[in-house]
There are 2 protein chains.
Amino acid sequence: MTVKRPDSPKRRVTSTDVAELANVSQSAVSRVFAHHPSVSDKMRRAVLDAARTLGYRPNAIARSLITQRSRIIGVAMAYLDNQFYPEVLQSLSRALQAHGYQILLFTADETGAADPMLEQVLSYQVDALLLASVSLSSHIAEECELAGIPVILFNRTSSTPGAASVTGDNFAGGRQIAEFLVAGGHQRFAYIAGAAESSTNRDREAGFCAGLAALGMPQPMRVPGQYDWQGAQVATRLLLGRPTRPDAIFAASDLMAIACLETARTEFSLSVPADLSVVGFDDVGVARWPSYRLTSFAQPVEAMVSAAVTLILERLESLAAPARPIVIPGRLIVRQTTRHPPHGLTAEADYWVWQDPPGKIDG
Amino acid sequence: MTVKRPDSPKRRVTSTDVAELANVSQSAVSRVFAHHPSVSDKMRRAVLDAARTLGYRPNAIARSLITQRSRIIGVAMAYLDNQFYPEVLQSLSRALQAHGYQILLFTADETGAADPMLEQVLSYQVDALLLASVSLSSHIAEECELAGIPVILFNRTSSTPGAASVTGDNFAGGRQIAEFLVAGGHQRFAYIAGAAESSTNRDREAGFCAGLAALGMPQPMRVPGQYDWQGAQVATRLLLGRPTRPDAIFAASDLMAIACLETARTEFSLSVPADLSVVGFDDVGVARWPSYRLTSFAQPVEAMVSAAVTLILERLESLAAPARPIVIPGRLIVRQTTRHPPHGLTAEADYWVWQDPPGKIDG
DNA sequence: CTGAAAGCGCTTACAG
DNA sequence: CTGAAAGCGCTTACAG
């Protein structure tokens with residue numbers, strides 16, 4: 001018995017190998033694996049048998065080259081320490097896998113320089129790119145669209161009119177938080193801002209300010225928090241160190257709200273919500289942990305992800321599909337970090353939902 | 001001026017287009033972009049100019065097909081709600097991108113069925129596969145190795161002798177925790193186990209039990225926690241509902257330790273560490289949050305990731321490179337959830353490090 | 001240093 | 001239903 005010497009990097013089994021063993025043409029093998037209708041049962045069986053014997057799997061790279069579709073979606077993300085993003089990533093991965101797509105993950109480096117990433121995205125012929133980080137420049141989106149790669153913005157919008165995007169209702173969220181806090185009898189408001197250039201921060205802040213203004217309340221004190229723990233901690237020290245400190249703080253993300261809460265408790269010995277109310281945004285898993293029980297505007301991850309997947313598939317299936325911005329409504333989940341208003345709350349399992357008073361302010 | 005009608009799905013610019021414009025051969029374009037040494041400056045300039053004009057980028061898919069290397073590393077992960085994994089993913093992504101590799105992300109579905117995933121991994125011709133989930137069957141690893149794809153286990157080992165893996169020192173960690181708790185005068189020990197079939201759980205538990213035994217202490221009460229919040233909560237209720245409850249609980253992950261801590265405080269009104277000490281494993285970001293300040297055995301993410309990257313590159317560069325298991329040492333980071341022993345602690349910034357008494361027990 | 005040509009492993013008209 | 005052949009966009013010996 002002669003032993004076949006394996007070629008250097010272990011030659012993989014190809015459709016031609018299967019064709020040989022099954023005594024059919026290479027095209028036939030291809031048709032069987034593509035579930036092409038015009039294939040006889042006999043041939044199908046022969047091919048599948050041979051394929052099983054050899055351990056054959058179609059080469060997706062070769063297929064991509066000829067079909068001009070990689071079935072790979074590029075996903076650019078940063079801030080994985082904000083639990084919102086891992087939740088999105090997991091949900092997105094499941095949803096795309098269910099449609100036969102894979103995720104090629106790009107993370108922004110510390111410098112935030114997106115250009116090396118851009119080159120990779122373009123090289124790998126991703127079918128679409130989901131941009132899920134606030135800090136990545138819009139430049140990359142333009143370049144991709146120019147190269148014919150649909151771009152979907154996730155949890156951010158763009159100044160480009162008609163760009164495809166999926167966001168929570170940031171403006172309405174900010175506004176509802178204002179209304180809720182005012183209804184709870186708060187007087188001195190503060191806002192811990194996220195990254196200044198991000199659309200999420202801009203809209204949440206605008207909604208909050210508009211909500212306060214519409215109710216005749218003063219505008220909030222504003223301190224930058226950069227969407228990170230440290231930033232929010234510094235911001236909280238600034239706010240609570242003032243002679244007249246705020247009695248309600250809205251932080252633009254749960255991560256920052258928790259940092260604020262912790263700092264208020266440990267460094268200023270404040271009791272929440274007796275001395276201070278704190279509201280976050282996102283309603284991530286940690287917001288439910290007993291030590292926090294954070295009041296937060298919920299961005300529904302599943303709904304946002306399925307909207308994004310729909311948008312991607314639409315644009316992939318019909319090239320003419322209009323790029324449209326989608327806004328997913330959310331709800332203000334009320335827990336224990338806020339003084340509660342006398343009405344407007346609906347009880348659920350272990351939280352309340354704040355009912356937006358209808359039609360009071362235009363969004 | 002005639003407007004060129006774009007071909008249907010927007011034909012991408014190829015090296016042939018660039019070659020035409022630059023008046024050189026297609027091979028020349030390829031050589032310039034591959035940084036091939038034998039290219040005249042004149043030609044390089046002509047090619048790069050033409051490429052810039054047309055917005056050309058090499059097609060990585062086509063390159064992969066001919067080079068038999070995709071420069072894509074498959075990463076299979078689950079449990080993204082355990083903060084350890086997002087930390088790993090971010091760090092790994094950076095490290096691989098720095099070496100010109102991209103991550104194709106696979107997440108296990110709820111059923112834990114790894115087989116559809118396996119087909120995808122094999123189809124996409126990943127250069128290597130990093131298996132970073134405890135629950136994915138070893139079967140997938142074998143299939144990949146069989147197909148010539150190097151597999152690196154991350155934060156888990158395999159029964160296959162000599163499989164490539166990177167883990168923290170789970171056994172030593174468990175043992176140190178035992179020694180530390182005994183030195184702190186604890187008497188009744190409990191262990192909240194992770195997924196029963198996982199190597200991390202097995203080794204952490206074995207180390208803990210061995211450490212207790214070596215010091216003549218009774219074995220811990222053992223309850224399953226499944227590595228998730230709910231499981232750990234149920235486990236804690238079981239443990240603390242007993243007539244003689246434990247005075248020290250080691251939970252096999254920080255996520256479970258925090259669930260335990262929260263449950264002990266809120267449902268049993270216990271004060272930690274006065275009534276009960278709690279120790280976790282991983283030392284993820286949330287362990288540092290003021291409400292927890294969790295004592296935890298640190299798995300150094302950066303060191304583990306760079307070991308994994310080294311292992312991957314080794315196996316990719318020389319096919320004969322031996323697959324070897326790597327164990328990265330960790331340290332027991334002592335914070336506020338444990339009663340402290342009179343000696344053996346070294347103070348750092350805002351925590352202490354427990355000094356493993358040298359040579360007392362064989363690992 | 002440069003070009004013509006073969007070939008990576010598929011899909012898909014085109015004939016039969 | 002089935003096969004022969006062209007071609008996706010590159011890399012890389014092989015000649016010159």
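Visitor: Through what do the copies, chain B and chain A, meet?
Guide: In this predicted model, local features need pLDDT of at least 70 and side-chain atom pairs count only at pLDDT 80 or more, while totals for chains, interfaces and linings use all residues. Residues are numbered from 1 along each chain as its sequence is written; chains are lettered from A and ligands numbered from 1 in the order in which they are written. Because 100% of the interface residues of chain B are also interface residues in chain A, the copies meet through the same surface.

Visitor: How many residues of chain A are in contact with chain B?
Guide: Contact here takes C-beta atoms, placed from the backbone, within 7 Å. Chain B brings 42 residues to the meeting, and the number from chain A is 43.

Visitor: Which elements of chain B give two or more residues to the side that touches chain A?
Guide: Helices (H or I, at least four residues) and strands (E, at least two) are DSSP runs, numbered from the N terminus. Four helices and a strand qualify: α4 (60-67), α5 (84-98), β2 (102-107), α6 (115-123) and α11 (254-268) of chain B.

Visitor: In β2(B), what is the bridge partner of A:Leu105?
Guide: Strand β2 (residues 102-107) of chain A pairs with β2(B) in the antiparallel sense, over 3 bridges; pairing asks for at least two DSSP bridges. For A:Leu105, the partner in β2(B) is B:Ile103.

Visitor: Which C-alpha of chain B is nearest the axis?
Guide: A turn of 180° with a shift of 0.0 Å along the axis lays chain B on chain A with an RMSD of 0.0 Å (least squares on C-alpha atoms of residues with pLDDT of at least 70 in both). The two copies are thus related as by a two-fold rotation axis. At 2.2 Å from this axis, the nearest C-alpha in chain B is that of B:Leu104.

Visitor: Which residues around DNA strand D come nearest?
Guide: Near means a C-beta atom, placed from the backbone, within 6 Å. Both chains take part: α2 (26-33), α3 (41-54) and α4 (60-67) of chain A, and α2 (26-33) and α4 of chain B, each supply at least two residues of the surface near DNA strand D. Of the 28 residues around that strand, the nearest are A:Ser25, A:Ser38, B:Ser15, B:Ser30 and B:Asn59.

Visitor: In chain A, what share of contacts between residues at least 6 apart in sequence join residues at least 24 apart?
Guide: Chain A has 12 helices and 14 strands, and its C-alpha atoms fill a box of roughly 90 × 45 × 40 Å along the principal axes. Among its contacts between residues at least 6 apart in sequence, the share joining residues at least 24 apart is 67%.

Definitions and conventions. Two residues are in contact if their C-beta atoms, placed from the backbone, lie within 7 Å.
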